[in-house]
Amino acid sequence: MPLLVLAYPQLERKDYDWIQSFRAKHDERYFNIVQPHFTIVFPVEEINPAQFIKHVEDISREFKEFFFVLRCAQPVKDSFSDYTDVFLIPEEGYRIFIKLHDSMYNVLLEKELRLDIPFIPHVGIGNSLDPFVSKKLADKINKSENLEIIGAVNKLDVVSYENNSITTLKRIV
């Protein structure tokens, strides 16, 4: 059972609705599986769930609630499939996501860190097998939308992912 750490951001209703409306049209892979989120720890399988939860609890104590601002979209080739994703990238708060992610990958998860895949904090909002479709979607957002989504991260969810379903094992506030 793969385990992950997700941060479901606190968003204004209008921003959440815009993201979900966009995802309903353009996120064929994950819209029906998971709410808008930032992935902090990517799937790991060889770790005891109780140890994993304790690790996340211990590390998360070092971090308080933090804010971010999403102002741009970027197409990013998925490392594990033929899809190209559309990410909303935080302009503000970026470094805190990096520090949180990097802190999680010490001790217990040290051997799980994938240095061959760059960590880009993001909220995924779309994907396509045609990379040019993803590029056009990102360009449209960046050119025509006056994107400024302000949000906060004040909890982390330890989740399992099986059979295209996300189950929260522990919410850490």
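How many residues apart in helix 2 are Asp58 and Lys54, and by about how many helical turns are they separated? The legends below take up this question and several others for a predicted model.

**Figure 1. Asp58 and Lys54 meet in a salt bridge.** The answer to the opening question is four residues within helix 2, which means the pair is separated by about one helical turn. Between their side chains, the N to O distance is 2.9 Å. Is each partner buried or partly exposed? Asp58 has 30% relative accessibility, so it counts as partly exposed. Lys54 is also partly exposed, because its relative accessible area is 48%.

**Figure 2. Asp58 also forms a salt bridge with Arg61.** Look again at Asp58, this time with the side chain of Arg61, where the N to O distance is 2.7 Å. Arg61 has a relative accessible area of 57%, so this residue is exposed. Asp58 itself, remember, is partly exposed. If you would like to hunt for others, a search of the whole structure finds 15 salt bridges.

**Figure 3. A salt bridge joins Glu148 and Arg71.** Here the closest N and O atoms are 2.8 Å apart. Glu148 sits in the loop between helix 4 (131-144) and strand 7, while Arg71 belongs to strand 4 (residues 66-77), so the pair ties together parts that are 77 residues apart in sequence. Both ends are partly exposed: Glu148 has a relative accessible area of 40%, and Arg71 has 26%. Which residues share a network of salt bridges with this pair? Glu91 and Glu92 do, linked with Arg71 and Glu148.

**Figure 4. Four strands make an open sheet.** Follow the strands in the order 3-1-8-9, and you will find that the pairing is antiparallel. Strand 3 (38-44) and strand 9 (165-172) are the edge strands, each pairing on one side only. From one strand to the next, the twist averages 25°. For a closer look at one pairing, find strand 1 (residues 3-7) and strand 3, which are joined by four bridges. In this part of the sheet, Leu3 stands opposite Val44 of strand 3.

**Figure 5. Two helices lie across strands of the sheet.** Helix 2 (residues 49-60) lies across strand 1, strand 3, strand 8 and strand 9. Its direction makes an angle of about 50° with strand 9. Helix 3 (residues 94-104) lies across strand 3 and strand 8, and runs at about 20° to strand 3.

**Figure 6. Lys155 is buried and has no salt bridge.** You can find Lys155 in the loop between strand 7 (149-153) and strand 8 (156-162). The nearest side chain of opposite charge belongs to Asp157, 6.0 Å away. Which residues does Lys155 touch, leaving aside its neighbours within four places in sequence? They are Ala7, Tyr8, Gln10, Arg171, Ile172 and Val173.

**Figure 7. Stepping back, the chain has four helices and nine strands.** Starting at the N terminus, its elements run β-β-α-β-α-β-β-α-β-α-β-β-β. The radius of gyration is 16 Å, close to the 16 Å that the globule rule gives for 173 residues, so the chain is as compact as a globular protein of that length. Along the principal axes, the C-alpha trace spans about 45 × 30 × 25 Å. Buried residues account for 45% of the 173 residues. Among contacts between residues at least 6 apart in sequence, 77% join residues at least 24 apart.

Key. Residues are numbered from 1 along each chain as its sequence is written. This is a predicted model: local features need pLDDT of at least 70, side-chain atom pairs count only at pLDDT 80 or more; totals for chains, interfaces and linings use all residues. Side-chain values use heavy atoms; hydrogens and water are left out. Buried means under 20% relative accessible area, exposed over 50%, partly exposed in between (1.4 Å probe, protein chains only). Lys and Arg count as positive and Asp and Glu as negative; His and the chain ends are not counted. A salt bridge is a side-chain nitrogen of Lys or Arg within 4 Å of a carboxyl oxygen of Asp or Glu. Contact means heavy atoms within 4.5 Å. Two strands pair if DSSP finds at least two bridges between them. Axes are lines fitted to C-alpha atoms, for helices over the stretch in contact, and angles run from 0 to 180 degrees between N-to-C directions. The radius of gyration is taken over C-alpha atoms; the globule rule is 2.2 Å times the number of residues to the power 0.38.
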